[in-house]
Amino acid sequence: MSHRLPKDFIMGGATAAYQVEGATQVDGKGQVLWDPYLAAQGRFSPDPAADFYHRYETDLALSEQYGVQAVRLSIAWSRLFPTGDGPVEPRGVDYYHQVFAACRKHHVEPFVTLHHFDTPLTLQAAGGWLSQRMLDAFVKYAEFCFKEFPEVKYWITINEPTSMAIQQYSRGTFPPGETGRFDKTFQAEHNQNVVHARIVNAYKRLHLGGQIGVVHALQTVYPYSDDPADVHAAALQDAYENRLYLDGTLAGAYAPETLALVQEILAANGQPMFKTTPEELDALDLAAHQQDFVGVNNYFSKWLRAYDGASEMHHNGTGAKGTSVARLHGIGEEKLPAGIETTDWDWPIYPQGMHDILMRIHDQYPLVPAIYVTENGIGLKETLPDGATPATVIADPKRIDYLKQYLDAVATAIDDGANVRGYFVWSLQDQFSWTNGYSKRYGLFFIDFATQARYVKQSAHWFKQVSDTHVIPD
Ligand code: BGP
C-alpha cells in the first residue's frame, strides 16, 4: 500500500557552502581548515564544486520546478569574517542576502546552517573546537547572522558535531587528521554541545520569531550478536557517536550511564575525562528546554562486536567496495551481518535504522518538539550518457529505490508517533564530497563539473511526485 505523508510535511534538498559554492578564493573569502589540507593531499580541489556561488539562481529555479520546497544551505563563516573573529567582509554579507532573496523569489524556504565543517583557518590554528577563542567567536558570528539576516526563519547551529570531532581527532579523516585522541574527541563534542546551547539561548533572548535547532549525524548502532560483550561494544560505540550529543543537546544533561561509557573508553586508552563547568551544564539545560527542533542525518547503521586489539582503521574514500575497516581500541569492531546490502562506499542500506533512530528520539528525548530528517541519500558512481543533450534525463533507479525505502521508514515513524516535520534529500545537486571529491554523486540534479551544465535525474521527477501528492508511490 502506498504510504501517505502529512499534508504540511516539507520536502527539501540539502547542501553545504564548501561543497557547492566553489569560488573559495573570491570576494575576500578567508581560508578554512580544508584549504591547505586538501592542497597538501593533492587528491581534489574544492573548486569549482557546483559553482553555486554564481549559479544559485539556476539551482533554486530547478528546486522550485521539481517540488523542492526548502533548501538546507550553510553560510560560509569565512565569507563574512575572513579571519573568523576579525573585520566583516561586506561582499560576503551581500552575497547571502541575494541568495536568501532568490530563495523567496523561487518559493523555497531556506534552512540555514551556521557551521558546516568549514572552520576559518585562523580559528582552527588557534585550536578549533578545543579553543575558547573559537567558541566565543562562533557565538559572536551567530549573533551577527541573526541580526543581519532576519529573512531567515530556520537556523541550524552546527552540522554534525559528531562527524567533526570524531573525524578530526579519532579517525583522522578531517583536518587536522589526528587518530586515537578520544580525549580531544570528547572534549570537542562537549564544547560543541555547549556552544550550540549558548547560541540557542542567545537566539531566544533576541525574540526574532524564527526557529533554531541542531543537526546530528545519527547512526543507529546494533550489537552484532546477543553475546553480552557485543551488546556492550554497541553501547560504547553509541555513547561515542550518538549518546553524548543526544543527551547534551536534547535532554540538556548527560545521563550517568552515558558518562560511565565515555569514561570507560577514555580509561581503556589511558586518556583523561573531558572537563565541564557548572555554567556550561546550566547552558545545556536551558537550551534543551527552548530549542525548536533537531535535525537527523541518517544514511546507514552500524553493527558492533567486542574487540580487544589495537585501533585499526581504513576509510573507503574511493568507492573501492569492501575496503572499510573500523576497529577501535576501547570500543569495538564494526562488523556487518550477512545479507545487508552496502553501497560502493561500504555504507549499509538499512532503512529500519532510520525508523529506529526517529523513534529513539521520540521515546527517550521528550523535550524535543519537532524532528526534521536533514540529510539522507545515496552516493553513486554516475556518468553523463554519450550524446547527452540538455533534455537528457539521467536514469538513477538505485537512488529512487533507496529514497523510497528510507522515506517509507520515516512515514512509519510518523505513524508510530514521531513528530517528523520534513525530509531533506542529500543532496540537492551533485557536489563536492569532503573525503571523496567528485566521484560520489548524491544529487537530484546531475552536474557536469567540467562545464557546470545541469541535467535532471529521474529521482528529481520521483521527488516532485512525492512533494506534490504527499504519497510515496509503491
Ligand atoms: C554528511 C555531511 C555532508 C555530506 C554527507 C555525505 O555527513 O553533513 O556534508 O558530505 O554526509 O557524506 P560523504 O560526502 O562523505 O559521502
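The following paragraphs describe the strand arrangement, the nonpolar core and the aromatic contacts of a predicted model.

The central feature considered here is a barrel, into which 8 strands close in the order β2-β3-β4-β5-β6-β8-β13-β14, with parallel pairing. Within this sheet, neighbouring strands are turned against each other by 25° on average when direction is ignored. Strands of a sheet pair through backbone hydrogen bonds, in either a parallel or an antiparallel manner, and the individual pairings of the barrel can be followed strand by strand. Strand β2 (residues 10-14) is joined to strand β3 (residues 70-74) by 3 bridges, the two running parallel, and G13 stands opposite V71 in β3. With strand β14 (residues 420-426), β2 pairs in the parallel sense over 5 bridges, and the bridge partner of I10 in β14 is G422.

Further along the barrel, strand β5 (residues 154-159) and β6 pair in the parallel sense over 4 bridges, with N159 placed opposite V215 in β6. Strand β6 is also paired with strand β8 (residues 293-297), again in the parallel sense and over 5 bridges, and here A217 stands opposite N297 in β8. From β8 the connection continues to strand β13 (residues 371-375) through 4 bridges, the strands running parallel, and G295 has Y372 in β13 as its bridge partner. Helix α7 (residues 132-148) lies across β4, β5 and β6 and runs at about 155° to β4.

The burial of two of these strands was examined in more detail. Of the 7 residues of strand β6 (residues 211-217), 6 are buried, so this strand is largely enclosed by the rest of the structure. Strand β2 is likewise mostly covered, with 5 of its 5 residues buried. In a regular strand the side chains alternate between the two faces of the sheet. For β2, both faces are covered, since I10, G12 and A14 on one side and M11 and G13 on the other are all buried.

The largest nonpolar core comprises 147 residues, among which W34, I75, F149, W155 and V410 touch the most other members. Helix α14 (residues 397-415) contributes the largest share of this core, namely 10 residues. When neighbours within four places in sequence are left aside, V410 is in contact with F9, M354, L358, V373, V420 and Y423.

Aromatic side chains form a further set of contacts, and a pair of aromatic rings is described by the distance of the centres and the angle of the planes. The count of aromatic pairs comes to 42. One of these pairs is formed by F111 and Y154, which are stacked at 4.1 Å centre to centre with 10° between the planes. This pair links distant parts of the chain, as F111 belongs to strand β4 (residues 109-115) and Y154 to strand β5, 43 residues apart. Both F111 and Y154 are buried. Separately, Y18, W34, Y37, F44, F117, F174, F432, W434, Y438 and F449 form one aromatic cluster; W34 of this cluster is also among the core residues that touch the most other members.

Contacts between a charge and an aromatic ring were found at two tryptophan residues, W345 and W347. K381 lies over the face of W345, at 5.8 Å from the ring centre, whereas the charged end of K440 sits over the ring of W347, 3.6 Å from its centre.

Key: Residues numbered from 1 in each chain as written. Predicted model: local features only at pLDDT ≥ 70, side-chain atom pairs only at ≥ 80, totals over all residues. Heavy atoms only, no water. Core = buried A, V, L, I, M, F, W, Y, C linked by side-chain atoms within 4.5 Å. Buried < 20%, exposed > 50% of the residue type's maximum accessible area, 1.4 Å probe, protein only. Contact = heavy atoms within 4.5 Å. Pairing = 2+ DSSP bridges. Phe/Tyr/Trp six-rings, centres within 6.5 Å; stacked < 30°, edge-to-face > 60°. Lys NZ or Arg CZ within 6 Å of the ring centre and 35° of its normal. Axes fitted to C-alpha atoms, helices over the stretch in contact; angles between N-to-C directions.
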